[in-house]
Amino acid sequence: MAMTPQTETPPPPYLGRSVRIVGPVSNVDMNQTPHPRNSRGELGKALFNWYRNTISRDPLTRVSAPNHFADQRNFLAALVNQAPKGKVNHQRVALSDPAAMTRHIKAVAHHMGADVVTVARAHPSFLYAASAPPKDSAARDVYQNRSGDVYQGRTPEQMAEQYPYIIVATTAWDYDKLQAHRHYIGDAAYHVSQMKAQMILKALEGYIKELGYSALRGMSNPQAAGLASGVGELGRNGLLIHRKFGARIHMPDPIMTDLPLVPDQPVDNGVEDFCKICRKCAINCPTNSVPFGDKVVFNGVESTRSTGSRATRSGPTSTRTGEAASPARPSARSPSRTSGGGASPCGRSARAPSPRAPCSCER
Ligand code: SF4
């Protein structure tokens with residue numbers, strides 16, 4: 001396969017106040033992130049069997065949550081995501097006004113059901129490493145969208161240059177149903193919004209291809225694209241926090257495209273300041289997964305939640321070199337802990353979730 005020439009790495013992108021890129025970032029191999037590793041049984045039998053071999057007692061969970069169905073054909077997201085990828089229409093629509101197209105594509109995504117639609121400028125540090133996904137379907141998760149040929153010998157720099165925009169189109173979890181967290185009803189708020197997001201993204205991907213432009217998924221870290229495009233700021237809980245929906249927003253695979261668009265900018269919605277003093281999520285987290293301390297640097301990224309974010313938690317497999325330092329979590333909880341009431345920007349209540357199942361943060 002012919003290799004294209006190297007492209008210079010652009011300067012680090014601005015991601016707002018909550019996250020900064022401060023050093024070299026190694027592109028993370030998607031195949032080494034938790035879901036694919038669990039699918040291969042690398043995280044232990046208990047987690048493998050819970051995730052892969054457990055049929056839910058709840059029929060709504062069976063049709064909306066990955067891998068808990070009695071028959072996979074009843075799980076719509078699997079059918080949507082494992083459908084063959086469509087081709088790009090060779091009759092490309094001529095575009096002279098990227099701002100008008102940006103407004104249009106956002107209007108289309110909202111019409112299709114998205115609650116939040118933003119556009120990020122692509123950056124090599126946002127992309128997953130260029131390894132092909134495993135061929136066997138058993139090792140692939142049902143909501144992965146990777147096709148094995150998208151990099152085609154190109155580097156992340158070349159990919160970001162060729163497909164300069166990332167469309168983040170996603171859905172919010174239903175507020176009232178989420179109050180039942182962690183009951184099946186609360187879980188359905190998460191899973192149904194995930195299912196809706198998959199269908200919207202698949203439809204939007206097809207729409208862009210019908211316009212004659214490329215639309216790639218499974219390429220970009222959703223949180224990085226969400227930060228760069230102003231979906232929200234990263235909270236202490238490791239989730240993007242939106243001005244209206246709080247932390248109730250899904251961050252599925254965004255769409256990388258060469259459709260001419262105008263990127264949005266990061267936002268300051270107060271999360272950066274509020275999380276410094278709030279810490280309700282750290283106090284209540286049943287698995288002590290949320291840090292109390294200040295920001296740390298991991299894989300070139302400075303954030304409160306650096307060691308736990310999807311982009312970095314499984315460790316890098318490099319297409320570039322970078323420092324990786326895993327900071328120690330404080331062994332004791334802060335003496336100034338408090339569980340006072342009141343609203344936090346992420347919508348977190350002070351009530352501790354039941355420890356009977358993993359928290360929604362850890363899915
Ligand atoms: S509970 Fe408080 S500290 Fe945690 S993410 Fe929400 S606002 Fe930030």
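Which residues is Val168 in contact with, once its neighbours within four places in sequence are left aside? I will answer that in a moment, after two remarks on conventions. What we have here is a predicted model, in which local features need pLDDT of at least 70 and side-chain atom pairs count only at pLDDT 80 or more, while totals for chains, interfaces and linings use all residues. Residues are numbered from 1 along each chain as its sequence is written.

Now to the answer: Val168 is in contact with Val117, Thr118, Ala120, Pro222, Ala225, Gly226, Ser229, Val231 and Pro254, where contact means that the C-beta atoms of two residues, placed from the backbone, lie within 7 Å. Val168 also appears in the largest nonpolar core, which has 64 residues, and there it is listed with Ala122, Ile166, Ile167, Ala169, Leu240 and Ile255 as touching the most other members. By a nonpolar core I mean a set of buried Ala, Val, Leu, Ile, Met, Phe, Trp, Tyr and Cys residues joined through C-beta atoms within 7 Å. Buried, in turn, requires 20 or more other C-beta atoms within 10 Å of a residue's own, whereas 12 or fewer make a residue exposed and anything in between makes it partly exposed, again with C-beta atoms placed from the backbone.

For the chain as a whole, the secondary structure comes to eleven helices and nine strands, and these are DSSP runs numbered from the N terminus, with helices (H or I) of at least four residues and strands (E) of at least two. Of the 363 residues of the protein chain, 44% count as buried. Among contacts with a separation of 6 or more, 78% are between residues 24 or more positions apart.

Helix H8 deserves a closer look, since the largest share of the core just described, eight residues, comes from H8. Its axis and that of helix H5, which are residues 184–210 and 98–112 respectively, come within 10 Å and cross at roughly 145 degrees; axes here are lines fitted to C-alpha atoms, for helices over the stretch in contact, and angles run from 0 to 180 degrees between N-to-C directions. On the H5 side the contact is made by Val108, Ala109 and Met112, and on the H8 side by Ile200, Ala203, Leu204 and Tyr207. These residues divide into seven nonpolar, no polar and no charged, with Ala, Val, Leu, Ile, Met, Phe, Trp, Tyr, Cys and Pro counted as nonpolar, Asp, Glu, Lys and Arg as charged, and the others, Gly among them, as polar.

Next, the ligand. Of the 13 residues around the ligand, Gly235, Cys275, Cys278, Cys281 and Cys346 come nearest, a residue being near when its C-beta atom, placed from the backbone, lies within 6 Å. Two elements give two or more residues to this shell, namely helix H10 (271–277) and helix H11 (280–284). By class, the shell divides into six nonpolar, three polar and four charged residues.

Some backbone geometry should be checked with care. Most residues other than glycine have a negative phi, and most peptide bonds are trans. In this model, however, a cis peptide bond joins His181 and Arg182, with omega about 0 degrees, and Arg182 lies in the loop between helix H7 (175–178) and H8. Asn288, in the loop between H11 and strand S8 (296–298), has a positive phi of about 55 degrees, and Asn288 counts as exposed because it has 12 C-beta neighbours inside 10 Å. Asn299 likewise has a positive phi, near 50 degrees, and is found in the loop between S8 and strand S9 (301–303), but Asn299 counts as buried because it has 26 C-beta neighbours inside 10 Å.

Finally, two loop positions and their partners along the chain. Ser220, in the loop between strand S4 (215–216) and helix H9 (222–228), is buried because 29 other C-beta atoms lie within 10 Å. Its C-alpha atom is separated by 8.5 Å from that of Ala122, 98 residues apart along the chain, and its contacts beyond four places in sequence include Phe126, Leu127 and Ile166. Ala65, in the loop between helix H3 (59–64) and helix H4 (76–81), is buried with 24 other C-beta atoms within 10 Å. Ala65 and Tyr190 are 125 residues apart in sequence, yet 8.8 Å apart in space, C-alpha to C-alpha.
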